[in-house]
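The following exercises concern the arrangement of strands and helices in one model. Each task is followed by a solution in steps.

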Amino acid sequence: MMHAFRMGAVSLSRCAGNRPGGRRKLAGPAALSAGLAAAALGAAACGSQAAVRLPAHLQSATPAPAVAARPSLTPRQQVARAYRGYWLAYAAAMTAGRSGRARTILAPFESPSGMTQLIRSLRKVWAAHDIAYGGAITHVKSVRVKGRSALVHDCLDLSHFGVLDKRTGRVVPGSFGLPGQDFYISLELSGGRWKVANMQPVEVPCSP
């Protein structure tokens, strides 16, 4: 079963019921927001992990460098590099806490059409005093490039991407996503950079 998501932002979310009264379902790393920014992907959000030990390089969100189209790389390598950079940028934007800063971080990686809705989702995260914890682990299976468009097939691991409540300093267990899920990501070449434009998760597991 396919669900189309405009991806300028994959976002994690808390599942209803993780806190007293089952309060709010937020856009955070485990629920991919559509439009690089719109609806949350609940299927990825409600993993059952109670505690996850993160790889050392995922312990904190670090702003990702801008990924321009480099002549030294093949088009496929440029696309794969931009896609991986997007996830680092998203985690950093989620932790930024301010719309202006988040826009600056995401601008090199996300198509302009999804930015408004993405920032709207992130504001809900910030209002709940949440920030990113860990990050996505990509396993790019294939990259197809045709002109100024590209399609990436990824076996995406969101099991190390969750949210941390700044007030308590604790990670929210139900915010982690699922490991090994098939995703097809569309990117477009804009202003000399490959930017994420659309994402389609396939609700079947995959192996790296």
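**Exercise 1: the four-stranded sheet**

Strands E4 and E5 run antiparallel and are joined by 6 bridges. The model is a predicted one, in which local features need pLDDT of at least 70, side-chain atom pairs count only at pLDDT 80 or more, and totals for chains, interfaces and linings use all residues. Residues are numbered from 1 along each chain as its sequence is written, and side-chain values use heavy atoms, with hydrogens and water left out.

Task: starting from E4 and E5, describe the turn between them, then establish the order of the sheet and the helix that packs on it.

Solution.

Step 1. Helices (H or I, at least four residues) and strands (E, at least two) are DSSP runs, numbered from the N terminus. Two strands pair if DSSP finds at least two bridges between them.

Step 2. In the pairing of E4 with E5, Arg 144 stands opposite Leu 151 of E5. The two strands form a hairpin with 2 residues between them, and Gly 147 in the turn has a positive phi of about 65°.

Step 3. On to the next pair: strand E5 (residues 149-156) and strand E8 (residues 181-190) are antiparallel and joined by 8 bridges. Here Ser 149 has Glu 188 of E8 as its bridge partner.

Step 4. The complete order is E4-E5-E8-E9, an open sheet of 4 strands with antiparallel pairing. Strand E4 (140-146) and strand E9 (193-205) are the edge strands, each pairing on one side only. From one strand to the next, the twist averages 15°; angles run from 0 to 180 degrees between N-to-C directions, and axes are lines fitted to C-alpha atoms, for helices over the stretch in contact.

Step 5. Helix H2 packs on this sheet and touches E4, E5, E8 and E9, its direction making about 120° with that of E4. Contact means heavy atoms within 4.5 Å.

**Exercise 2: the three-stranded sheet**

Task: determine the strand order, identify the edges, and find an aromatic pair that involves a residue of E6.

Solution.

Step 1. The order is E3-E6-E7, in an open sheet of 3 strands with antiparallel pairing. Strand E3 (130-134) and strand E7 (170-172) each have a single partner strand and stand at the edges, so one side of each is left without a neighbour in the sheet. Neighbouring strands are turned by 45° against each other on average, direction ignored.

Step 2. The pairing of E3 with strand E6 (residues 161-165) is antiparallel and extends over 5 bridges. Within E6, Phe 161 is the bridge partner of Gly 134.

Step 3. Helix H2 (residues 75-96) packs on this sheet as well, touching E3 and E6, and its direction makes about 145° with that of E3.

Step 4. Rings of Phe, Tyr and Trp (its six-membered ring) pair if their centres lie within 6.5 Å; planes under 30 degrees apart count as stacked, over 60 as edge-to-face and the rest as tilted. By this rule there are 5 aromatic pairs. The rings of Tyr 90 and Phe 161 have centres 6.2 Å apart and planes at 80°, so this pair is edge-to-face. It links distant parts of the chain, since Tyr 90 lies in helix H2 and Phe 161 in strand E6, 71 residues apart.

**Exercise 3: the helix contacts of H2**

Task: classify the crossings of H2 with H3 and with H4, and state the residue classes in each contact.

Solution.

Step 1. Angles under 35 degrees count as roughly parallel, over 145 as roughly antiparallel, 65 to 115 as roughly perpendicular and the rest as oblique.

Step 2. The axes of H2 and helix H3 (residues 99-106) come within 8 Å and cross at roughly 175°. H2 is therefore roughly antiparallel to H3. Tyr 86, Ala 89, Tyr 90, Ala 92, Ala 93 and Ala 96 of H2 meet Arg 101, Ala 102, Ile 105 and Leu 106 of H3. By class, this contact has 9 nonpolar, no polar and 1 charged residues, where Ala, Val, Leu, Ile, Met, Phe, Trp, Tyr, Cys and Pro count as nonpolar, Asp, Glu, Lys and Arg as charged, and the others, Gly among them, as polar.

Step 3. The axes of H2 and helix H4 (residues 112-127) come within 9 Å and cross at roughly 50°. H2 is therefore oblique to H4. The contact consists of Tyr 90, Ala 93 and Met 94 of H2 with Leu 118, Leu 122, Val 125 and Trp 126 of H4. Its residues divide into 7 nonpolar, no polar and no charged.
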